[in-house]
Amino acid sequence: MNIRIKIPDKMINNQPYTIREYKIFRLHKDSATNQATVDENGKVTAVGNGTATITATSVSGSYTVTVSVTGKIPVEIQKLTIEAEKETLTKIGESTELKVKIEPENADLQKLIWKSDNEKVATTDENGKVTAVGNGTAEITVTTEDGKITASIMITVKVPDEPTINKTTGFRRLRARSVKQTKTSVTLQWNIIEDADGYFVYGNRCNTGTKSYKYRKLATITGGDISTWTQKDLKKGTYYKYVVKAYRLVNGKKVVTDTSISVHAVTGGGKYGNAKAVSVTQIGNKKNVSKITLKMGKTAQIQAKEVKKDKKIARHRKLCYESSNTKVATVTPDGLIRATGKGTCTIWVYAQNGVYKALKITVK
C-alpha cells in the first residue's frame with residue numbers, strides 16, 4: 001500500500017513539506033518480528049502479522065504525521081491428511097465418516113471438494129461422508145478450492161456373498177417363553193436377534209402318556225424386529241409345546257440361525273397352571289443373591305424353584321441350567337457351578353414355560 005500525506009493549507013508558507021523520510025516509529029507490543037517496512041516513497045510492505053505505526057517527518061524535522069498499519073499475511077495450506085472411521089465397508093448402504101487434518105493448523109480455511117473415482121462402489125457427500133454402493137474399491141479425494149493441495153484414501157466395499165451362519169440352540173441367544181395364557185390362547189415372547197430377518201414358530205400339543213405329537217410349523221414371521229406371537233382357538237386346560245427359530249435370508253432362502261429351547265405352557269380352565277417366575281434362594285453359601293464370585297476350580301450349588309401363578313404345575317421338564325460361556329463357568333443339569341477360567345458369564349435358570357432367572361458369575 002502507499003501512504004498519502006495531506007498537509008493543511010495554513011502550513012504551506014511556513015514549512016516546505018517535501019516528505020523525505022519514512023520510518024517505523026513503533027511496533028505492536030505483542031509482535032516478535034517487524035510487521036511492516038516502508039520505503040522513501042511511502043510504499044508500505046507487510047512482512048508479518050500485527051500492527052505497525054508509520055511516521056512521516058518533514059525536512060526540518062519540525063512536523064510529523066503518523067498512521068497505523070495492520071498487516072495480515074495469509075497462511076496457506078501446505079498438506080491435507082484424511083483419517084477414516086473405517087476403510088472397509090461390509091454392507092450396502094453402510095457409511096463411514098472421513099475427517100481431514102490440515103497442516104499447518106493455523107492455515108486459512110478453504111472450501112474442500114470431495115470426489116469418488118468410482119461411484120458404483122462408493123459415493124461421498126460434500127462433508128466427506130462415504131456410503132457403500134457395491135463391491136470393489138474407490139479412491140476418495142479431497143482438494144482445496146484453489147486446487148493446489150489434495151489428498152486421497154482408498155475405501156473398500158466387501159459384502160460377503162453369504163452371511164456367516166452360527167447356528168445356536170439353547171438360551172444363549174434366543175430366549176423364548178410363554179408370557180400369557182387364556183382358556184383358548186397362548187402368547188409367546190422372545191428376545192430380538194439383531195441380525196435376524198424373521199422367525200418361525202413351531203408347536204403342537206404336549207405328549208401324553210399314551211400319545212405323542214410332532215412339532216409342526218405354526219407361523220412364519222417376516223420382520224426381525226417382531227418378538228411376540230399368539231396362538232388362538234386352543235383347548236382349555238391343555239398343555240402345548242413351542243419352539244421359536246430365527247432365520248436369515250441367504251440368496252433368497254430362509255436359513256435358520258438360532259433355535260430356542262422348547263416352551264411348555266398350559267391354557268387356563270384346567271387344574272394345572274404355569275410358573276410366573278424362577279426364584280433362586282441360594283448360590284453356594286450365599287442366600288437370596290443373583291451374583292457370586294468364585295476362584296478358579298471352585299464350585300457352588302444353585303438352589304432354585306419355580307414360583308407358580310396360581311395352580312400347581314404339571315411338570316413336563318424340571319428346572320434347567322445353562323452357561324453363556326463355559327470357558328468361564330460350567331453348570332450341571334442339577335445346578336452345580338464350576339469355575340473354569342477368569343472372567344464373567346451368565347448362568348440362566350429357566351422353567352418349562354421359559355420364565356428364567358439370570359445369575360452373574362465372576363471368576364478370579
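Is Thr143 buried, partly exposed or exposed? I started my notebook with this residue. The model I am reading is predicted. In it, Thr143 comes out as partly exposed, with a relative accessible area of 21%. The cut-off for buried is under 20%, so Thr143 at 21% does not count as buried.

**Entry 1: around Thr143**

I placed Thr143 in strand β12. I then looked up its contacts, leaving aside neighbours within four places in sequence. Thr143 touches Lys111, Leu112, Ile113, Ile149 and Thr150. I also checked Trp114, which is 29 residues away from Thr143 along the chain. The C-alpha atoms of Thr143 and Trp114 are separated by 6.7 Å.

**Entry 2: the partners of β12**

Which strands pair with β12? I found β9 and β13. Strand β9 covers residues 112-116, and β12 covers residues 136-144. These two run antiparallel and share five bridges. Strand β13, residues 150-157, is also antiparallel to β12, and eight bridges join them.

I picked Thr141 to follow across the strands. In β9–β12 pairing, Lys115 stands opposite Thr141. Towards β13, Thr141 stands opposite Ser152.

I looked at the turn as well. β12 and β13 make a hairpin, with five residues between them. Gly147 sits in that turn and has a positive phi of about 80°.

**Entry 3: the whole chain**

How many helices and strands does the protein have? I count zero helices and 31 strands. The protein has 364 residues, and 39% of them count as buried. Its accessible surface comes to about 21,600 Å². Carbon and sulfur atoms hold 46% of that surface. I also looked at contacts between residues at least 6 apart in sequence: 58% of these join residues at least 24 apart.

**Entry 4: a five-strand sheet**

I traced an open sheet of five strands next. The order is β24-β23-β26-β29-β28, and the pairing is antiparallel. Why is one side of β24 and of β28 left without a neighbour in the sheet? Both stand at the edges, and each has a single partner strand, so one side of each stays unpaired in the sheet. β24 covers 286-287 and β28 covers 329-331.

I checked the β24 end. Strand β23, residues 275-283, pairs with β24 in the antiparallel sense over two bridges. Gln282 stands opposite Lys287 in β24.

**Entry 5: the nonpolar cores**

I looked up the largest nonpolar core, which has 24 residues. Leu188, Trp190, Tyr199, Val201, Trp229 and Tyr242 touch the most other members. Strands β16, β17, β18, β20, β22 and β30 each supply at least two residues of this core. The largest share, four residues, comes from β20. Another core lies apart from this one. That core has 23 residues, among them Ala275, Ile302, Leu319 and Cys345.

**Entry 6: rings and charges**

I searched the whole structure for aromatic pairs and found six. One of them is Trp190 with Tyr199. The pair is tilted, 5.4 Å centre to centre, with 55° between the planes. Are these two residues buried or exposed? Trp190 is buried at 3% relative accessibility, and Tyr199 is buried at 0%.

I also noted a cluster. Ring pairs link Phe171, Trp348, Tyr350 and Tyr356.

Two lysines caught my eye. Lys241 lies over the face of Tyr215, at 4.8 Å from the ring centre. The charged end of Lys245 sits over the ring of Tyr202, 4.8 Å from its centre.

**Entry 7: two more threonines**

I looked up Thr259, which lies in strand β21, residues 253-259. It counts as buried, at 16% relative accessibility. Beyond four places in sequence, Thr259 is in contact with Thr168, Thr169, Gly170, Leu174, Val243, Val244 and Lys245. I had met Lys245 already, over the ring of Tyr202.

Is Thr222 buried or exposed? Thr222 is exposed, with a relative accessible area of 63%. It lies in strand β18, one of the strands that supply the largest core. Beyond four places in sequence, Thr222 is in contact with Asp197 and Tyr247. Tyr247 is 25 residues from Thr222 along the chain, and their C-alpha atoms are separated by 9.6 Å.

Key. Residues are numbered from 1 along each chain as its sequence is written. This is a predicted model: local features need pLDDT of at least 70, side-chain atom pairs count only at pLDDT 80 or more; totals for chains, interfaces and linings use all residues. Side-chain values use heavy atoms; hydrogens and water are left out. Two strands pair if DSSP finds at least two bridges between them. Buried means under 20% relative accessible area, exposed over 50%, partly exposed in between (1.4 Å probe, protein chains only). Contact means heavy atoms within 4.5 Å. A nonpolar core is a set of buried Ala, Val, Leu, Ile, Met, Phe, Trp, Tyr and Cys residues joined through side-chain atoms within 4.5 Å. Accessible areas come from the Shrake-Rupley method with a 1.4 Å probe; for residues, only the protein chains shown count as cover. Rings of Phe, Tyr and Trp (its six-membered ring) pair if their centres lie within 6.5 Å; planes under 30 degrees apart count as stacked, over 60 as edge-to-face and the rest as tilted. A charge sits over a ring if NZ of Lys or CZ of Arg is within 6 Å of the ring centre and within 35 degrees of the ring normal.
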